[in-house]
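These are my notebook entries on a structure that I had not examined before. I record what I looked up, in the order in which I looked it up.

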Amino acid sequence: AGCTPLDRELARRLRATGKPPLLAGNKADHEGLEAAAADFAGLGIGETCAVSAAHGRGVRELAAALASRLPQEACEAGPEQAPRLAIVGRPNVGKSSLLNALLGEPRALVSEIAGTTRDVVDSLWQKDGRSYLFCDTAGIRHRSKHRTSVEVFSVMRSEKAIQRADLCILVL
C-alpha cells in the first residue's frame with residue numbers, strides 16, 4: 001500500500017525516542033516489491049530491509065542488520081541482560097510473522113485478522129552464543145481510530161515496550 005500517514009507518525013515517534021530504529025518492509029513477496037521498499041527512505045530511518053516473513057525472503061539479512069546495530073558485549077552478557085528488540089507497526093503488517101521467521105519457529109500466533117496480538121509477547125532468542133529478547137507488540141493505530149478499550153490498553157503496552165527497547169524494528 002506504500003507509506004501511509006500512520007507509518008510516518010510511527011517513524012516520527014521512534015526517531016523521538018533516540019533509540020536506533022531499523023525499518024523492515026514486510027510482505028515483499030517478490031523482487032518487484034523489494035524495489036518498492038525504497039519508497040520508505042523518506043521516513044528518515046536509514047537502511048530498509050525488504051522481507052517476506054511468510055516466504056523467508058530477506059529474513060537472514062534483517063537478522064544480520066539487527067546484530068550489527070547492537071553492541072556484541074551486550075548480546076554475549078547472557079539471557080538476563082539480553083538486548084530488547086521491539087517489533088512495532090500498524091495492525092496486520094506481519095509483526096508476528098516476522099518474529100516467527102526470525103526465530104525459525106512458530107512462537108507467536110499469526111492470523112489474517114487484525115488485532116490478534118493484544119499484549120506484548122517476549123521471546124528469548126539465542127544464536128551463535130548471543131542472546132536477544134524480541135518483543136512482539138500489538139498493532140498501533142492513531143488514537144482516534146481505537147475501537148475498544150482493549151485496543152487502547154494494547155497500544156499503551158506497545159508504547160511501553162518501545163520505551164524499554166534497546167532497538168526498535170518498524171515493520172511496514
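**Salt bridges**

I began with charged pairs and found that the side chains of Glu105 and Arg107 meet in a salt bridge, at 3.2 Å from N to O. The model is a predicted one. I then looked up the accessibility of both partners. Glu105 is partly exposed, with a relative accessible area of 39%, and Arg107 is also partly exposed, at 36%.

How many salt bridges does a search of the whole structure find? The search gives seven. I noted that side chains of opposite charge can pair when their charged atoms come close.

I turned next to Arg13. Its side chain meets that of Glu9 in a salt bridge of 3.3 Å, N to O. Glu9 and Arg13 lie four residues apart in helix α1 (residues 5–17), so about one helical turn separates them. I looked up their exposure as well: Glu9 has a relative accessible area of 23% and is partly exposed, while Arg13, at 24%, also counts as partly exposed.

Arg13 has a further salt bridge, to the side chain of Glu159, at 2.9 Å from N to O. This pair links distant parts of the chain, since Arg13 is in helix α1 and Glu159 is in helix α6 (residues 149–164), 146 residues apart. I recorded that salt bridges with shared partners join Glu9, Arg12, Arg13 and Glu159 into one network.

**Helices α3 and α5**

At what angle do helix α3 and helix α5 pack? I found about 85 degrees between α3 (residues 59–68) and α5 (residues 95–103), with the axes 10 Å apart. The two helices are therefore roughly perpendicular. On the α3 side the contact is made by Val59, Leu62, Ala63 and Leu66, and on the α5 side by Leu98, Ala101 and Leu102. I sorted the contact by class and obtained seven nonpolar residues, no polar ones and no charged ones.

**The cover over α5**

Is α5 mostly covered or mostly open? I found it mostly covered, with seven of its nine residues buried. The buried residues are Lys95, Ser96, Leu98, Leu99, Asn100, Leu102 and Leu103. I then asked what covers them, and the list includes β1, α3, β3, β4 (121–127), β5 and β6. After α5 comes Gly104, whose phi is positive, near 75 degrees.

**Nonpolar cores**

I looked last at the largest nonpolar core, which has 26 residues. Which of them touch the most other members? I listed Leu62, Leu66, Leu85, Leu98, Leu102, Phe134 and Ile169. At least two residues of this core come from each of β1 (21–25), α3, β3 (84–88), α5, β5 (130–136) and β6 (167–171). Helix α3 gives the most, with six residues.

I followed Leu62 in particular. Leaving aside residues up to four places away in sequence, Leu62 touches Leu22, Ala24, Cys49, Val51, Leu98 and Leu102. I closed with a second, separate core of 17 residues, among them Leu14, Phe40, Ala86 and Ile140.

How values were computed
Residues are numbered from 1 along each chain as its sequence is written. This is a predicted model: local features need pLDDT of at least 70, side-chain atom pairs count only at pLDDT 80 or more; totals for chains, interfaces and linings use all residues. Side-chain values use heavy atoms; hydrogens and water are left out. Axes are lines fitted to C-alpha atoms, for helices over the stretch in contact, and angles run from 0 to 180 degrees between N-to-C directions. Angles under 35 degrees count as roughly parallel, over 145 as roughly antiparallel, 65 to 115 as roughly perpendicular and the rest as oblique. Contact means heavy atoms within 4.5 Å. Ala, Val, Leu, Ile, Met, Phe, Trp, Tyr, Cys and Pro count as nonpolar, Asp, Glu, Lys and Arg as charged, and the others, Gly among them, as polar. A nonpolar core is a set of buried Ala, Val, Leu, Ile, Met, Phe, Trp, Tyr and Cys residues joined through side-chain atoms within 4.5 Å. Buried means under 20% relative accessible area, exposed over 50%, partly exposed in between (1.4 Å probe, protein chains only). A salt bridge is a side-chain nitrogen of Lys or Arg within 4 Å of a carboxyl oxygen of Asp or Glu.
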